[in-house]
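Here is a friendly tour of a helix pair and of two residues with an unusual backbone angle. Please have a look at the sequence and the model first.

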Amino acid sequence: DYFPPICDANAAVCSGSNCLVPPSNFNNILSLVLSTVLTVMLAFVMFAMGCTVEWDKLLGHLRRPWGIVIGFLCQFGIMPFTGFALSLAFDVLPVQAVVIIIMGCCPGGSGSNIICYYLEGDMDLSISMTACSSILALGMMPLCLLIYTSLWVSPDTIQIPYDSIGITLVALLVPIGFGMYTKRRWPQQAKKILKIGSITGFGLIVVIAVVGGILYQSSWDIDPALWIIGTIYPFIGSGLGFFLARFTGQPWYRCRTIALETGFQNAQLCSTIVQLSFSAAELEIMFSFPLIYSIFQIVAAVLIVGCYQLYKRKCKGDASEDSETPYLEEGETGTGKIKALENGGFELHENSSEMSKDNDKNTRF
């Protein structure tokens, strides 16, 4: 007997009106393609950001790492504690509290380097802080998670992907190293690369947020408390980082840099840790938090950049003078006000060489 086809054309097994249709793997293919494209684009953007870095200034930050130390205190002191406090304040579920704290314990993300360029921050400090936080995360993440998550889960539950941290570090340092070499060897071409890379980088941040929202749109139906925490967490982290930097005497342009590095977390690493550590049922109520955080940290960054650009237009000269605050020794003052202390290790070396030349001239005379 002949039966007219009533099954789906893509059905793998068909018996009368009962059909077995293979699941669509469109999202998996789209995710793989976008991941590959975004990885290549991010490498180019980091290469372009490397074109802003000067080797002497980078060494200056490493020799006198005041900014890096302050960033370390913000990254692994302020952020984990803030996540712990927010979890208690909103009385979220245990697995939700854990993902919030995991986000706070993650190192800085590479997006902060892109935003720092538009804020006219200290690019050498930004990149050195991102690299150092990624290295220190190998030891600080287990310690912070042990301290703050033991209230809800066993420390052995959370699996930290050390290989992912290592890959992220290599993907950050190698393109930046090539960018630094390009700036030293071909400075004019480096300026052109920087212009293209800065625009591409800003667009890349927006694209990642939009693509993430599309791929994981089924995860948006979550506890409102996670929405609120994901919204305010980046603002709180950036704000506390800024005030701590200013309290310790850093100049304004470094305060902006440290604020960005504090609030801008590696959300992708958080997602990886969550997927490795928890069951499918637990992921349903916690997996979307890293995405929410990443979206609102972009919103926070855009608002900060917008406010700074408006400030710079209204206060013209003051904004540019702020970005190059001269280094003064303790006790020195300028225009009646004590200037913020700046990491001037490399500048001291230059000043000392100039002083020695002057002394030679005086001796000859």
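Helices are DSSP runs of H or I with at least four residues, strands are runs of E with at least two, and both are numbered from the N terminus. This is a predicted model, in which local features need pLDDT of at least 70, side-chain atom pairs count only at pLDDT 80 or more, and totals for chains, interfaces and linings use all residues. Residues are numbered from 1 along each chain as its sequence is written, and side-chain values use heavy atoms, leaving out hydrogens and water.

Let us begin with the loops. D91 sits between helix 3 (66-90) and helix 4 (94-105), while E120 lies in the loop between helix 5 and helix 6. Neither D91 nor E120 is a glycine, yet the phi of each is positive. For accessibility, buried means under 20% relative accessible area, exposed over 50% and partly exposed in between (1.4 Å probe, protein chains only).

| Residue | Phi | Relative accessibility |
|---|---|---|
| D91 | near 50 degrees | 68%, exposed |
| E120 | about 55 degrees | 30%, partly exposed |

Now for the helices on either side of E120's loop. Helix 5 (residues 111-118) packs against helix 6 (residues 123-149) at an angle of about 170 degrees, and their axes are 10 Å apart. The two are therefore roughly antiparallel (an angle over 145 degrees).

Which residues of helix 5 meet helix 6? They are S112, N113, C116 and Y117, and their partners in helix 6 are M123, S126, I127 and T130, with contact meaning heavy atoms within 4.5 Å. This contact divides into 4 nonpolar, 4 polar and no charged residues.

Technical notes: Axes are lines fitted to C-alpha atoms, for helices over the stretch in contact, and angles run from 0 to 180 degrees between N-to-C directions. Angles under 35 degrees count as roughly parallel, over 145 as roughly antiparallel, 65 to 115 as roughly perpendicular and the rest as oblique. Ala, Val, Leu, Ile, Met, Phe, Trp, Tyr, Cys and Pro count as nonpolar, Asp, Glu, Lys and Arg as charged, and the others, Gly among them, as polar.
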